[in-house]
Structures are given as structure tokens and as C-alpha cells.
Amino acid sequence: MTSRETARRRRTPFAVLGALALTLSTLTAPALAEPDLPADGKGLSEAQLEAQAEGVSGIPGVDEISRSRNMVPVAHLDKQAPLSSTQTDIAFQGNYAFVGNYDGFVIYDIRNPRKPSIKSQVLCPGSQNDISVYGNLLFLSTDSSRSDNSCNSVSKPATEKSSWEGIKVFDITDKAAPKYVAAVETDCGSHTHTLVPGKNKKDVYLYISSYSPNSTFPDCQPPHDKISIVKVPLKAPAQAHLLKAPVLFPDGGNQGKPGTIETGYVVPTSGCHDITVYPQLDLAAGACMGDGVLWDISDRENLKEIHRVQDDKNFAFWHSATFNNNGTKVVFTDELGGGGAATCNEKIGPTRGANGIYDIVGKGKDRKLVFKSYFKIPRMQADTENCVAHNGSLIPVPGKDIMVQSWYQGGISVWDFTNSNKPREIGFFERGPMPNGGGGGTWSTYWYNGYIYSSEMGRGFDVIDMRDPRTFVAKFFRTDELNVQTQGNFYRG
């Protein structure tokens, strides 16, 4: 969430929420004891044990649902024309959810989470259409080479200099009729972007992440060890412009390691995949292909590296990052196989294609990322199912570190990493394999104002009610805006 929205949140005082959580946990104990799972992630999760007790076990059939009893689906909307392509990331504002799609974006009215509806759809092709919102502005990433920056563009080879990739800006004052405002071209396009509020409250910055340069691409030349920073004046968004493109890896970053999904490999660093910021703490965590990085962003225009880590044994592709609420931990994800491979099986094991939990130890410029454990869903998936750690968010429970997360066809997992050394799954929801062994699953799953929202790549939009005493207190938390890669403290302004 943005620092601007931190001041606008409607919230119950922290002490009251904490007392309520303690009362609920005392009066309504979990149905089964919480087993201490080993740090390598082996063994059945508590949620699985509960599901098995009710006769739910094994891999569900095509389009069948398997879930823990605390994960109750309450709504589903199929994708609708003209946005028939892959659904991607989600942002939230007020009573609306904004979902990217390779063909554009859709605005869902979630005033009643049990009866969501489509408010509007904008046809504007350009994968992945990673999305964020701030006030009356919406930002959309284009990471596929297009003939121009318009929403009428067509695909064009990246080998041609006139091709365009970058970031687009829309005015969403009227949710029923968003207006295209501006576009900024960036080297190698914009695979993802991170919204960073300016300290002057007059501007926002977009940290643009992109990678995989090629000597035949005029606008995406190697080594590309950088990000692009776009500055957007809030009162004049049409003046959005590329401020700078700082080199973040002057040493070239991780040089990579060849191999296969089965034997293990590391993708060489050539930029970042995703960056998560915690503006209140002036911190950023970067998942940068072969590297995990902690930066000081006290100067929004000049990132300063605090610490960098690598894991050449188990991490193939550092994909995304999530701070805990106190900003004392970072969860990094490894997207082994690029999201298209079956890695949630015994052959790959519990420590690859997983999350890595790191504590932030020390103070100031001497802070270090210290590895604690891995977490991977313990539910085995079919060999046709693409499954790996992907996008998730924190659930606002005082004093706890609990996260909901997408695993493509591995579905949705809710897991507790309060004890960094012993993470455990406490809830799950998944559908069976896609028909005919096709790819798909859930791209992003986030908690927003009492419900879990999921963007299914092929099937559409899901809403889930988590009914569990361990997370019940989170239902009382409200925020007016949520961009998951722009974090803030849930309970303190």
C-alpha cells in the first residue's frame, strides 16, 4: 500500500485488534493441533491433515476443487470478450479490483465481494500488462514489442528500432470509461513496475523492471544491469517521463549456472524481475534473476545497495519479494521453470521452485539478509500442471507473519512464517489440472479488505472467504488502496 494511503486507512486500534485476536484464538481453537513441520517443507501441512480428515485427498480431477475447510469460495467470474487472453496481476482501490490481461485490463466492482461484476474493460494489447493504481491514475506495463504506444498497436519484431515497449498511464476517475493519458518508452520494455510515492507528495516514481537483453534488439542491448525510473507528476500525468536508468549491478551480478529443471540452474542477472518497496522504512527488496537485493531508497531517485544474496544451489530465478509487516523479513520466490513447468512434485523436491525466507539482521548500512528456511506447498501436483511459487501478499494479522500466495496450477496457499525457521501451510484452495494438460492456474492471489482475490490465468476471477480464527482479526482491517509491491505498516501510520 502507498504511504499516502497509510494516512487514509480506516482501522481498528492495534491494541484492540490484538486483544480480539487473542480472545478468538482462546475461544475458537483450531480443529487440529499445529504440527511443527521441518524447515525443508517435507510432510503434510495442517491444512492437508484437516482436508484428509474430511475425505479430501489426492490430486483433484479436471476442473474439480480441492480445498481446506477454512477456504470457502464465494464467487467466480469467467473472463469475457474482448479480453480473452491470460489474466495477470491485481491492484485495488476502494470498491474496485483492477486486473491486468495480456489484451488490456478489466475493472471489477467488488462492492459486494460475493457478487462481483465487471465495471469496464479496456482493450489495450501488450503483455504482461502488469498493473498498479494511485489516486485517479492507473499504470500498465508493456513487455512485448509493439508497432507503437497506442492501444491499437500490433505485434512487431524487437529487432526493429521503431518498435515500442514501456509504461502506459490511464486516468481512472471514471471507472466506467478510463482515459489513456501518456506513455513512456523504456529499454527492454516493462515486465513489471513498482509504484513508489515521492516524499514531496507531488510525484510518484515507477521502478521499471525488465531483463533478457539481446544484441539484435536496438532498444534492449546487453548487459542491461539496470532498471528504468519513470517520474510522474500527479497534477500533470501527461508529463510522465524517463528520469534515469541507473546501473544496479556494476559487477554484472550473478553470472548464472547452466543446467536443467531437474539438475538445477541459475539464470544470469540482466536486470530485475520484480522490486517491492516499503516507503515508510525507505527500503526496497529486489528479486533480480540470479540475485536477491536489499536497497536503501531514502533518496527515491538513487537506490543504494545494502546487501545482496545468492542461492546457486536451490534458486534458479529470483522472481518476487515480500516484506513482513515489521520490515524485518523478506520472502523471496524462485520461479523455477519460468511458470510453465511442473515443479511441485517429488522429482523436484521441497527446496526448489519455493520461497526463501530471509531475516533482516543488523542496523543501517550494516543490515544483512540472513537465510532461515524454504517453504513450498507440500501438495504434490500432476506432471501436466505448471506449478511454482508466484505472487502473494500478507494477511494483516497483528503479531503474525501470514501470507496468501499463488502457485499457478498448485492453486492458492495460506502459510504462516512467524517462525522463520518453521513455516507451515494453514489453508489451501486449488482446482484440478486444466483440460488436455494445458497450462494455467492462478497468477496473483491477494488479501484485500476481508477477502482473498485471485486472478486465474485462464478461468477468470475468484473470491474466497477464509474462515479461520487465526486470520479472523484481519477481516476488520480496511484500506482504500492496495498495490502489493508497495508495502506499508498495516497498523501504524
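Tutor: Two strands pair if DSSP finds at least two bridges between them. Please keep in mind that this model is predicted.

Student: What makes β16 and β17 a pair?

Tutor: Strand β16 (residues 283-288) and strand β17 (residues 291-296) are joined by 6 bridges. The rule asks for at least two, so the two strands pair. They run antiparallel. As one example, Ala287 has Gly292 in β17 as its bridge partner.

Student: Why are β15 and β18 called edge strands?

Tutor: The open sheet has 4 strands in the order β15-β16-β17-β18, with antiparallel pairing. Strands β15 (274-278) and β18 (304-309) each pair on one side only, and they are therefore its edge strands. On average, neighbouring strands of this sheet are turned by 20 degrees against each other, direction ignored.

Student: How do you know that Phe92 and Ala97 are buried?

Tutor: Both belong to the largest nonpolar core, which has 20 residues. Such a core is a set of buried residues, so Phe92 and Ala97 are buried, with under 20% relative accessible area. They are among the residues that touch the most other members, as are Tyr108 and Phe461.

Student: Which elements supply this core?

Tutor: Those giving two or more residues include β3 (87-93), β4 (96-101) and β29 (460-466). Strand β2 gives the most, with 4 residues.

Student: What makes Phe461 a contact of Ala97?

Tutor: Contact requires heavy atoms within 4.5 Å, so Ala97 and Phe461 satisfy that limit. Leaving aside neighbours within four places in sequence, Ala97 is also in contact with residues including Ile90, Val106 and Ile110.

Methods: Residues are numbered from 1 along each chain as its sequence is written. This is a predicted model: local features need pLDDT of at least 70, side-chain atom pairs count only at pLDDT 80 or more; totals for chains, interfaces and linings use all residues. Side-chain values use heavy atoms; hydrogens and water are left out. Axes are lines fitted to C-alpha atoms, for helices over the stretch in contact, and angles run from 0 to 180 degrees between N-to-C directions. A nonpolar core is a set of buried Ala, Val, Leu, Ile, Met, Phe, Trp, Tyr and Cys residues joined through side-chain atoms within 4.5 Å. Buried means under 20% relative accessible area, exposed over 50%, partly exposed in between (1.4 Å probe, protein chains only).
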